[in-house]
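Visitor: I'm new to reading protein models. Could you walk me through this one, a bit at a time?

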Amino acid sequence: MNKVYKKYLYLPLEIVLREHDGKAILAHKMAMYDWNVLIAPKLELYKKLKQLPKGSFILKSAHSAEVKQINYIKSLGHKIYTLDEEGLVFYKEINNPLRYSNESLFNVDKVFFWGEYQRKHFTDYFKSNIKKTFVTGSPRYEFWSKYAKPTYLNKVKNIKEKYGDFILI
């Protein structure tokens with residue numbers, strides 16, 4: 001029997017090798033809740049925006065430079081969520097124009113965070129957006145903490161057989 005999916009989740013990949021594993025974990029979990037999930041390189045996915053059923057996008061950031069993209073996706077009727085891939089860990093100033101701005105956040109429905117530490121730094125600066133914020137963890141972190149070792153076991157074994165003991169710098 002074919003399932004009819006009514007909910008669509010789009011996971012654009014900007015840096016495919018870095019983001020794919022974590023987003024695959026998220027896609028699997030969402031599929032268990034009857035979501036139709038599409039993971040694709042960002043530029044390829046954005047070429048098809050007008051053809052996609054209305055759904056939810058989880059973007060890896062809401063950079064000031066992405067305001068036009070965010071506004072366009074929103075104008076097509078999609079929900080927009082963001083989960084910062086870096087987790088804001090290395091940014092002393094949350095208002096760094098590469099991460100967020102009031103303009104970029106205007107059409108973002110929810111902002112997800114790896115933990116309360118990141119959420120607090122965000123809400124200290126963007127007080128008017130506090131109701132949009134949620135601590136969710138990170139699919140990327142979940143992958144590396146739970147699944148990476150068995151997933152890459154054979155690759156690690158092959159590298160050790162080829163190079164022996166080594167230090168990676």
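Visitor: What is the order of the strands in the open sheet?

Guide: Before we start, this is a predicted model, so to speak of local features we need pLDDT of at least 70, side-chain atom pairs count only at pLDDT 80 or more, and totals for chains, interfaces and linings use all residues. Residues are numbered from 1 along each chain as its sequence is written, and side-chain values use heavy atoms, with hydrogens and water left out. Strands (E, at least two residues) and helices (H or I, at least four) are DSSP runs numbered from the N terminus, and two strands pair if DSSP finds at least two bridges between them. Here six strands pair in the parallel sense, in the order β2-β1-β3-β4-β5-β6.

Visitor: Which strands stand at the edges?

Guide: Look for strands with a single partner, because one side of each is then left without a neighbour in the sheet. That picks out β2 (35-41) and β6 (133-135).

Visitor: By how many degrees are neighbouring strands of this sheet turned against each other on average?

Guide: Each axis is a line fitted to C-alpha atoms (for helices, over the stretch in contact), and angles run from 0 to 180 degrees between N-to-C directions. With direction ignored, the average turn between neighbouring strands of this sheet is 25°.

Visitor: Which residue in β3 does tyrosine 10 stand opposite?

Guide: Strand β1 covers residues 7-13 and pairs with β3 in the parallel sense over two bridges. Across from tyrosine 10, you'll find phenylalanine 57.

Visitor: Which residues of helix α3 are buried?

Guide: "Buried" means under 20% relative accessible area, "exposed" over 50%, and "partly exposed" in between, using a 1.4 Å probe and protein chains only. Helix α3 spans residues 67-75, and its buried residues are Val67, Ile70 and Ile73. Seen down the axis, they fall within an arc of 135° (taken from the directions from the helix axis to the C-beta atoms), so they line one face of the helix. On the face turned away from the buried side sit the exposed Lys68 and Ser75, while the buried ones, to name them again, are Val67, Ile70 and Ile73.

Visitor: What do the buried residues of α3 pack against?

Guide: Contact here means heavy atoms within 4.5 Å. α3 packs on the sheet, touching β3 and β4, and its direction makes about 140° with that of β4. For its buried residues, the full list of packing partners is α2 (42-47), β3 (56-59), β4 (79-83) and α4 (102-105).

Visitor: Is lysine 23 buried or exposed?

Guide: Lysine 23 is found in helix α1 (residues 16-32). Leaving aside neighbours within four places in sequence, its contacts include Leu11, Ile39 and Glu85. Its relative accessible area is 6%, so it counts as buried.

Visitor: Which residue's backbone oxygen does the side chain of lysine 23 reach?

Guide: The side chain of lysine 23 comes to 2.9 Å from that backbone oxygen. The residue you're after is proline 12.

Visitor: What is the phi of aspartate 34?

Guide: Aspartate 34 sits in the loop between α1 and β2, and is partly exposed at 36% relative accessibility. Most residues other than glycine have a negative phi. Aspartate 34 has a positive value instead, near 65°.

Definitions and conventions:
A polar contact is a pair of N or O atoms within 3.5 Å; within protein, one must be able to donate a hydrogen and the other to accept it, and residues adjacent in sequence count only if both atoms are side-chain atoms.
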